[in-house]
Amino acid sequence: MRHSLPSFKQLLRALPLLAGSLLFTQANAGDNPQWQQTLEEAKGQTVYFNAWGGSPEINAYLVWAGQELAREYQVKLVQVKVDDIAQSVSQLLANKQAGKRSGGPIDLLWVNGENFKALKEQGLLGAPFTRELPNMALVDGTLPVSEDFTVPVEGLEAPWGIGQLNLMVNGEEVSPLPTSAAALLTWSKAHPGRFTYPKPPQFHGSSFLKQILLELTPDPTPLYREATENDFAKITAPLWAWLDELHPTLWRKGKLFPTSAAETRQLLDDGELAMAISFNPQEAQSAVQNGTLPPNVVAVAMAKGALTNSHFLTIPFNANARAGAKVVANFLLSPAAQERKAEPAFWGDPSVLRADALPATQQQAPALRFKSVAEPHPSWQLRLEAAWAERYGH
């Protein structure tokens with residue numbers, strides 16, 4: 001592995017912008033008595049934030065956020081690293097069934113649409129809170145932030161960033177770059193053992209299935225409503241045929257699958273794979289800059305469009321530090337935090353703020369890197385995962 005940190009000059013250039021952004025946020029929040037009360041209540045609280053822990057860049061970013069929150073707001077942020085947020089959903093459901101209505105172990109959750117749907121339907125979320133956050137006024141309303149996998153958000157979660165499925169590809173080894181399901185299959189057949197994807201229901205593995213399903217479906221309209229048995233069988237038939245051809249060409253001949261996107265990235269870095277799965281359009285650039293992937297790795301998306309969604313933060317029904325969780329969510333939506341998150345040297349996750357709310361260095365950056373296609377209805381993912389496990393879950 002190759003590791004390097006942002007240069008001193010990079011950090012020095014960032015300081016004035018970060019400081020100015022923090023002042024901007026505080027000045028706009030200062031006239032809101034309700035928010036001032038939340039800030040007072042949050043002082044001294046510890047916020048346990050359940051978040052995917054598979055990325056060193058994200059983990060380092062949250063360390064920085066914790067330092068800023070402690071200094072500015074006297075709130076302690078503790079990242080609880082999880083492999084799959086579904087584990088946290090199960091934990092909350094067990095809390096509810098046991099009658100634990102307060103003092104819960106999770107204060108803030110980083111969720112995807114499937115988990116948000118489950119949390120919402122099972123009554124595991126607290127009251128709507130996003131209207132209380134001053135920095136919600138800075139969010140770009142043209143981004144997919146009012147619905148999450150077609151499920152209305154209704155103030156129950158705050159947008160945090162934009163995700164797009166892509167392949168991080170060793171450009172020195174892979175030519176031409178695969179931008180369709182057909183091209184990916186052709187390349188994998190010609191280079192057996194050099195590609196794989198995480199095992200569903202791991203998020204990146206399930207997302208890969210949806211991406212290929214969208215690629216192979218001429219009319220995607222049914223994918224954006226509740227899946228029926230007839231629709232599912234008919235529409236997914238080309239996907240299973242494609243996977244049946246692909247699997248014998250995969251790493252370990254498709255008999256064993258990586259358990260996470262982080263594992264596929266490590267295999268790419270170690271030279272075992274020529275591609276890895278990512279849901280961050282700038283992860284490849286960020287990893288190259290940080291020295292954690294080879295310099296010839298580039299991000300590649302499907303020409304038809306990259307599977308795209310916003311990712312969100314939400315507060316469970318029995319959060320112990322609800323005020324602190326709101327302060328954390330609001331800080332992560334600040335221009336300072338969103339600017340740093342978007343920098344490839346730190347994370348490279350696109351901002352959800354309007355361009356005019358960001359520092360000048362970020363205002364010209366596009367909101368999305370790739371052409372996008374929206375997430376299907378969550379019912380398709382649940383059925384895909386179950387069908388994949390029945391067919392291939394050795």
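Contact, as the word is used in these exercises, means heavy atoms within 4.5 Å. The structure is a predicted model, and its protein has 13 helices and 11 strands.

**Exercise 1. Determine in which helix Tyr-61 is found, whether Tyr-61 is buried or exposed, and which residues Tyr-61 touches beyond four places in sequence.**

Solution. Begin with the secondary structure, where Tyr-61 is found in helix α3. Next, take the relative accessible area of Tyr-61, which is 2%; buried means under 20%, so Tyr-61 is buried. Then list the contacts: once residues up to four places away in sequence are set aside, Tyr-61 touches Trp-160, Leu-332, Ala-337, Gln-338, Arg-340, Lys-341 and Trp-347. Finally, consider the pair Tyr-61 and Trp-347, which lie 286 residues apart along the chain although their C-alpha atoms are separated by 6.9 Å. For the protein as a whole, residues 24 or more positions apart account for 81% of the contacts with a separation of 6 or more.

**Exercise 2. Describe the largest nonpolar core, stating how many residues it has and which of them have the most contacts inside it.**

Solution. Start from the count, which is 45 residues, and then pick out Phe-49, Trp-110 and Trp-160 as those with the most contacts inside this core. The elements that each supply at least two residues of the core are α2 (33-42), β1 (46-52), α3 (56-73), β3 (108-111), β6 (157-164) and α11 (322-332). A second, separate core of 40 residues includes Tyr-197, Phe-232, Ile-235 and Tyr-392. Now follow Trp-110 in particular: apart from its neighbours within four places in sequence, Trp-110 is in contact with residues including Phe-49, Trp-52, Ile-58, Trp-160, Phe-312 and Trp-347. As background, nonpolar side chains in soluble globular proteins tend to be buried together. In this protein, buried residues make up 58% of the 394 residues.

**Exercise 3. Explain why the largest pocket lies between domain 1 and domain 2.**

Solution. First establish the pocket itself, which has a volume of about 540 Å³ and is lined by 34 residues, the closest to its centre being Trp-52, Trp-110, Phe-203, His-204 and Phe-279. Second, sort the lining by character, which gives 12 nonpolar, 14 polar and 8 charged residues. Third, note the elements that each supply at least two lining residues, among them α3, β3, α7 (203-216), β10 (306-314) and α13 (378-392). The last step concerns the domains: because domain 1 (37-161 + 310-367) and domain 2 (166-308 + 377-393) both give residues to the lining, the largest pocket lies between them.

**Exercise 4. Characterise the largest cavity by its space and its lining, and then describe the surroundings of Ser-207.**

Solution. The structure holds 1 cavity of 30 Å³ or more, and about 50 Å³ of space lies in the largest cavity. Its lining consists of Leu-165, Asn-166, Leu-167, Leu-184, Phe-208, Gln-211, Ile-212, Val-300, Ala-301 and Met-302. The elements that give two or more residues to this lining are β7 (166-170) and α7, and the largest share, 3 residues, comes from α7. By character, the lining divides into 8 nonpolar, 2 polar and no charged residues. Helix α7 is also where Ser-207 is found. With a relative accessible area of 1%, Ser-207 is buried, and, not counting residues up to four places away in sequence, Ser-207 touches Leu-165, Phe-279 and Leu-307. Of these contacts, Leu-165 is one of the residues that line the largest cavity, whereas Phe-279 is among the lining residues closest to the centre of the largest pocket.

Note on methods: Residues numbered from 1 in each chain as written. Predicted model: local features only at pLDDT ≥ 70, side-chain atom pairs only at ≥ 80, totals over all residues. Heavy atoms only, no water. Core = buried A, V, L, I, M, F, W, Y, C linked by side-chain atoms within 4.5 Å. Buried < 20%, exposed > 50% of the residue type's maximum accessible area, 1.4 Å probe, protein only. 1 Å grid on protein atoms, 1.4 Å probe; cavity = no way out; pocket = protein on both sides within 12 Å on 5 of 7 lines; lining within 4 Å. Points joined across faces, edges and corners; volume = space filled by probe spheres on them. Nonpolar A, V, L, I, M, F, W, Y, C, P; charged D, E, K, R; others polar. Domains from an automatic or database assignment.
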